[in-house]
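Reader: I should be grateful for a close look at a single part of this model, namely the disulfide and the strands and core around it. Please set that part in the context of the whole chain.

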Amino acid sequence: QVQLVESGGGLVQPGGSLRLSCAASGRFFNINRMGWYRQAPGKQRELVATVTSGSSTNYADSVKGRFTISRDNAKNTVYLQMNSLKPEDTAVYYCNAFLLSVTSGYLEAWGQGTLVTVSS
């Protein structure tokens, strides 16, 4: 019904940059909030950043000043620009959306995850 498809993960050296993208498709009226979460090996999933339909943003303290979240409402797509990457940013990054679906009311959707590895 609703799919989130991520792209842009990969291997990067410390200090490098990556840009993640996530496109939403399916049957929904609108997307209230989109965001990114991450899960490192052996750790719980944690918030990275969120952005509302009105472009209000929220960031984890650990990424403030280095990551920028943005969205294109016309394309139902959210982006995460990651700069000055550190080894501790290594994780699987998951796209998240809180939206109003056609058949199921408000629901929360998750992408399949994309791996970001920061290593020299």
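Author: The account below begins with the chain as a whole, turns to the disulfide, and then follows the strands, the core and the loops.

The model is predicted. Its protein chain holds zero helices and 11 strands, so that no element other than β appears when the chain is read from the N terminus on. The C-alpha atoms fill a box of roughly 45 × 25 × 20 Å along the principal axes. A compact globule with 120 residues would have a radius of gyration near 14 Å, and the 14 Å of the protein chain agrees with that expectation. Buried residues account for 42% of the 120 residues. The chain exposes about 6,200 Å², of which carbon and sulfur atoms supply 47%. Where contacts link residues at least 6 apart in sequence, 55% of them join residues at least 24 apart.

The part requested is the disulfide, and the structure holds one. The disulfide joins Cys 22 to Cys 95, with an S to S distance of 2.0 Å. Because Cys 22 belongs to strand 3 and Cys 95 to strand 9, the pair ties together parts that lie 73 residues apart in sequence. The torsion about the S-S bond is about -85°, and the disulfide is therefore left-handed. Each cysteine can also be placed by its accessibility, for which the cut-off for buried is under 20% relative accessible area. Cys 22, at 1% relative accessibility, counts as buried. Cys 95, at 0%, counts as buried too.

Strand 9, which carries Cys 95, also has a place in the strand pairing. Strand 4 and strand 9 pair in the antiparallel sense over 10 bridges. One of the residue pairs is formed by Phe 28 and its bridge partner in strand 9, Ser 101. Strand 4 pairs with strand 5 as well, in the antiparallel sense and over six bridges. Here Arg 38 has Glu 46 of strand 5 as its bridge partner. Strand 4 and strand 5 form a hairpin with six residues between the strands, and in this hairpin Gly 42 takes a positive phi near 75°.

The largest nonpolar core comes next. This core has 32 residues, among which Trp 36, Leu 80, Met 82 and Tyr 93 touch the most other members. Two or more residues come from each of strand 1 (2–7), strand 3 (18–26), strand 4 (28–39), strand 5 (46–52), strand 7 (67–72), strand 8 (77–82), strand 9 (91–101) and strand 11 (114–118). Strand 9 gives the most, with five residues. Both strands joined by the disulfide, strand 3 and strand 9, are thus among the elements that give two or more residues to this core.

Two loop residues call for attention on account of their backbone. Ser 55, in the loop between strand 5 and strand 6 (57–59), has a phi near 75°, a positive value in a residue other than glycine. At 53% relative accessibility, Ser 55 counts as exposed. Asn 76, which lies in the loop between strand 7 and strand 8, likewise has a positive phi, of about 50°, although it is not a glycine. Asn 76 is partly exposed, with a relative accessible area of 25%.

The C-terminal part of the numbering completes the picture. Gln 112 sits in the loop between strand 10 (105–110) and strand 11. Leaving aside residues up to four places away in sequence, Gln 112 touches Leu 4, Val 5, Glu 6 and Tyr 94. Between Gln 112 and Ile 69, which are 43 residues apart in sequence, the C-alpha to C-alpha distance is 19 Å. Thr 117 has its place in strand 11 and, at 24% relative accessibility, counts as partly exposed. With the same exclusion of residues up to four places away, Thr 117 touches Gly 10, Leu 11, Val 12 and Thr 90. The C-alpha atoms of Thr 117 and Ala 74, 43 residues apart along the chain, are separated by 30 Å.

To return to the part requested, the disulfide of Cys 22 and Cys 95 is left-handed and ties strand 3 to strand 9.

Key: Residues are numbered from 1 along each chain as its sequence is written. This is a predicted model: local features need pLDDT of at least 70, side-chain atom pairs count only at pLDDT 80 or more; totals for chains, interfaces and linings use all residues. Side-chain values use heavy atoms; hydrogens and water are left out. A nonpolar core is a set of buried Ala, Val, Leu, Ile, Met, Phe, Trp, Tyr and Cys residues joined through side-chain atoms within 4.5 Å. Buried means under 20% relative accessible area, exposed over 50%, partly exposed in between (1.4 Å probe, protein chains only). Helices (H or I, at least four residues) and strands (E, at least two) are DSSP runs, numbered from the N terminus. A disulfide is a pair of cysteine sulfur atoms within 2.5 Å. Contact means heavy atoms within 4.5 Å. The radius of gyration is taken over C-alpha atoms; the globule rule is 2.2 Å times the number of residues to the power 0.38. Accessible areas come from the Shrake-Rupley method with a 1.4 Å probe; for residues, only the protein chains shown count as cover. Two strands pair if DSSP finds at least two bridges between them.
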